[in-house]
Amino acid sequence: MSNRLTAPNDMRAFWMPFTANRQFKKEPRLFVSAKDMHYKTHDGRTVLDGTAGLWCVNAGHCRPKITEAIAEQAGELDYAPAFQLAHPKAFELANRLVDIAPEGLDHVLYTNSGSESVETALKVALAYHRAKGNGSRTRLIGRERGYHGVNFGGISVGGIVSNRKMFGTLLSGVDHMPHTHLPEKNAFSRGEPEHGGDLASELNRIITLHDASTIAAVIVEPVAGSTGVLIPPKGYLQKLREICTQHGILLIFDEVITGYGRLGAPFAAQYFDVKPDIITTAKGLTNGVIPMGAVFVTSEIHDAFMTGPEHLIEFFHGYTYSGNPIASAAALATLDTYKEEGLLTRASELASYWEDAIHSLKDCPHVIDIRNVGLIGAIELAPIAGEPTKRAFTAFLKAYEKGLLIRTTGDIIALSPPLIIEKPQIDELFGKLREVLVSIA
């Protein structure tokens with residue numbers, strides 16, 4: 001145990017993702033074990049997980065059913081090719097997934113991450129229109145402040161400037177709708193904001209500019225997570241659905257964060273009662289234990305490819321690890337855990353308590369907005385003049401020192417705990433966060 005709790009002597013080789021590498025390597029923050037709601041650090045401290053790892057550990061850490069399934073599968077069948085061959089669990093998992101998906105999303109493609117799920121969905125959308133004889137539909141529409149992973153398609157339709165600016169012109173034929181964040185009208189909203197639903201009509205302006213015959217798909221996060229928890233205004237998603245249907249445009253919901261119970265329903269599409277044509281998922285699919293993603297499509301999309309001679313490949317796309325046996329076993333055990341403990345709907349039981357707890361921080365210094373839905377929340381802080389992100393990052397460091405893991409993006413604190421969180425732990429989370437907010441300049 002003493003060896004496990006010792007920081008590595010040399011950290012130079014690992015170029016860490018989305019990390020201030022130089023700052024981190026001067027004062028490392030290392031997790032060495034985890035259980036249920038808590039991490040254990042390399043220096044022996046316990047940290048309450050307020051972010052479900054990275055929006056993904058929905059059932060809590062090191063759950064026995066999942067870890068046992070992984071070990072058993074690794075000893076039985078470690079790998080099977082996914083091209084022209086398969087293994088039983090990939091089919092079992094797909095059936096289990098469509099059982100909890102919105103009605104009509106009946107087919108699943110496997111990926112290894114949220115970023116790959118987005119790339120897959122975009123390719124499906126483009127190929128679908130070509131298969132239907134509408135090859136002119138090549139344009140993709142994203143949204144400002146949208147986050148759709150870090151591959152070229154994802155950052156092209158995404159709208160977070162820092163994720164795009166270093167990488168050139170990206171994909172051509174992409175346009176963006178405006179974001180829905182209206183703090184001057186919706187500050188401190190509880191649940192869906194009252195104002196901004198009409199912003200969906202901006203899609204009509206883009207359609208008028210480019211013509212619907214050139215547009216393949218619109219992709220949005222039902223709740224924009226990584227940009228700081230932007231919750232859709234009332235009627236917004238419904239209006240997007242209406243416009244897309246009217247013009248024959250596919251609607252893609254990026255549910256990499258909201259999928260698998262985060263809002264109190266299996267998917268945000270069910271929570272908001274809006275049916276997209278494609279849903280991208282990952283993260284909570286395997287409880288964050290093994291990389292895996294799944295893309296759901298309607299039968300109409302799937303069947304458009306099932307033409308021509310039966311011996312020919314219908315869709316030239318896939319990954320070496322699509323439906324990997326160990327990942328499939330982990331996902332099946334994760335779904336079992338969700339079902340046995342009612343976790344796909346548990347957020348709905350805690351949402352009101354969570355909402356009151358997060359909004360109790362309204363009087364803390366520098367807090368300019370608080371927003372929430374399901375078991376997601378955000379606390380937006382006024383930035384320090386000339387030093388954007390510094391105030392929230394300071395809060396992140398102080399929270400870690402107090403035994404609390406939070407996530408920051410810009411000057412926004414984002415929270416999304418494991419769905420197993422109990423009310424006393426919610427009290428602990430926001431009690432510690434209040435101490436942090438009061439203490440920072």
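## Leucine 170 and phenylalanine 188

Is leucine 170 buried or exposed? In this predicted model, leucine 170 is buried, because its relative accessible area is 16% and the cut-off for buried is under 20%. You will find leucine 170 in the loop between H7 and strand S6 (174-177). Its backbone deserves a look too: phi of leucine 170 is near 60°, a positive value in a residue other than glycine.

Phenylalanine 188 makes a good companion to look up next. Phenylalanine 188 is not a glycine either, yet has a positive phi of about 65°. The loop between H8 and helix H9 (202-210) holds phenylalanine 188. Here the relative accessible area is 22%, so phenylalanine 188 counts as partly exposed, a class that starts where buried, under 20%, ends.

## The largest cavity

How many cavities of 30 Å³ or more does the structure hold? There are 2 of them, and the largest has a volume of about 110 Å³. Its lining is made up of 14 residues, and those closest to the centre are His181, Asn186, Pro193, Ile231 and Arg371.

Two elements, helix H8 (183-186) and strand S11 (367-373), give two or more residues to the lining of this largest cavity. S11 provides the largest share, with 3 residues. If you sort the lining of the largest cavity by class, you get 7 nonpolar, 5 polar and 2 charged residues.

## The second largest cavity

The second largest cavity holds about 40 Å³ of space. Its lining consists of Gly146, Tyr147, His148, Gly149, Gly154, Ile155, Gly158, Gly159, Ile160, Asn163 and Arg164. Helix H6 (152-157) and helix H7 (161-164) are the elements that give two or more residues to this lining. By class, the lining of the second largest cavity divides into 3 nonpolar, 7 polar and 1 charged.

Two glycines from this lining, Gly146 and Gly158, can be placed in more detail. Glycine 146 sits in the loop between strand S5 (139-143) and H6, and is buried, with a relative accessible area of 5%. From the C-alpha atom of glycine 146 to that of lysine 185, 39 residues apart along the chain, the separation is 20 Å. Glycine 158 belongs to the loop between H6 and H7, and is buried as well, with a relative accessible area of 3%. The C-alpha atoms of glycine 158 and asparagine 112 are separated by 19 Å, and the two residues are 46 residues apart along the chain.

## The second largest pocket

Now for an open space. How much space lies in the second largest pocket? The answer is about 1200 Å³. As many as 37 residues line this pocket, and the closest to its centre are Ala82, Val108, Leu109, Glu314 and His317.

Which elements each supply at least two residues of that lining? They are helix H4 (88-100), strand S4 (107-111), helix H5 (114-131) and helix H12 (299-305). By class, the lining of the second largest pocket has 22 nonpolar, 12 polar and 3 charged residues.

## Helix H16

Helix H16 covers residues 423-439, and its geometry is easy to check. At 1.5 Å a residue, its 17 residues should span 24 Å, and its end C-alpha atoms are 24 Å apart, so the expected and modelled spans agree.

Which residues of H16 are buried? They are Gln425, Ile426, Leu429, Phe430, Lys432, Leu433, Val436 and Leu437. Seen down the axis of H16, these buried residues fall within an arc of 160°, which means that they line one face of the helix. Pro424 and Val438 are exposed on the other side of H16.

## Cysteines

The structure holds 0 disulfides. Why is cysteine 56 in no disulfide? The nearest cysteine sulfur, that of cysteine 62, is 12 Å away, whereas a disulfide needs two cysteine sulfur atoms within 2.5 Å.

Cysteine 56 is also buried, with a relative accessible area of 13%. Cysteine 364 is another buried cysteine, and has a relative accessible area of 5%.

Key:
Residues are numbered from 1 along each chain as its sequence is written. This is a predicted model: local features need pLDDT of at least 70, side-chain atom pairs count only at pLDDT 80 or more; totals for chains, interfaces and linings use all residues. Side-chain values use heavy atoms; hydrogens and water are left out. On a 1 Å grid over the protein atoms alone, a cavity is a set of points where a 1.4 Å probe fits but cannot get out, and a pocket is an open set with protein on both sides within 12 Å along at least five of seven lines; lining residues have an atom within 4 Å of a point. Grid points are joined across faces, edges and corners, and a volume is the space filled by probe spheres set on the points. Helices (H or I, at least four residues) and strands (E, at least two) are DSSP runs, numbered from the N terminus. Ala, Val, Leu, Ile, Met, Phe, Trp, Tyr, Cys and Pro count as nonpolar, Asp, Glu, Lys and Arg as charged, and the others, Gly among them, as polar. Buried means under 20% relative accessible area, exposed over 50%, partly exposed in between (1.4 Å probe, protein chains only). The expected span of a helix is 1.5 Å times one less than its number of residues. The arc is that of the directions from the helix axis to the C-beta atoms.
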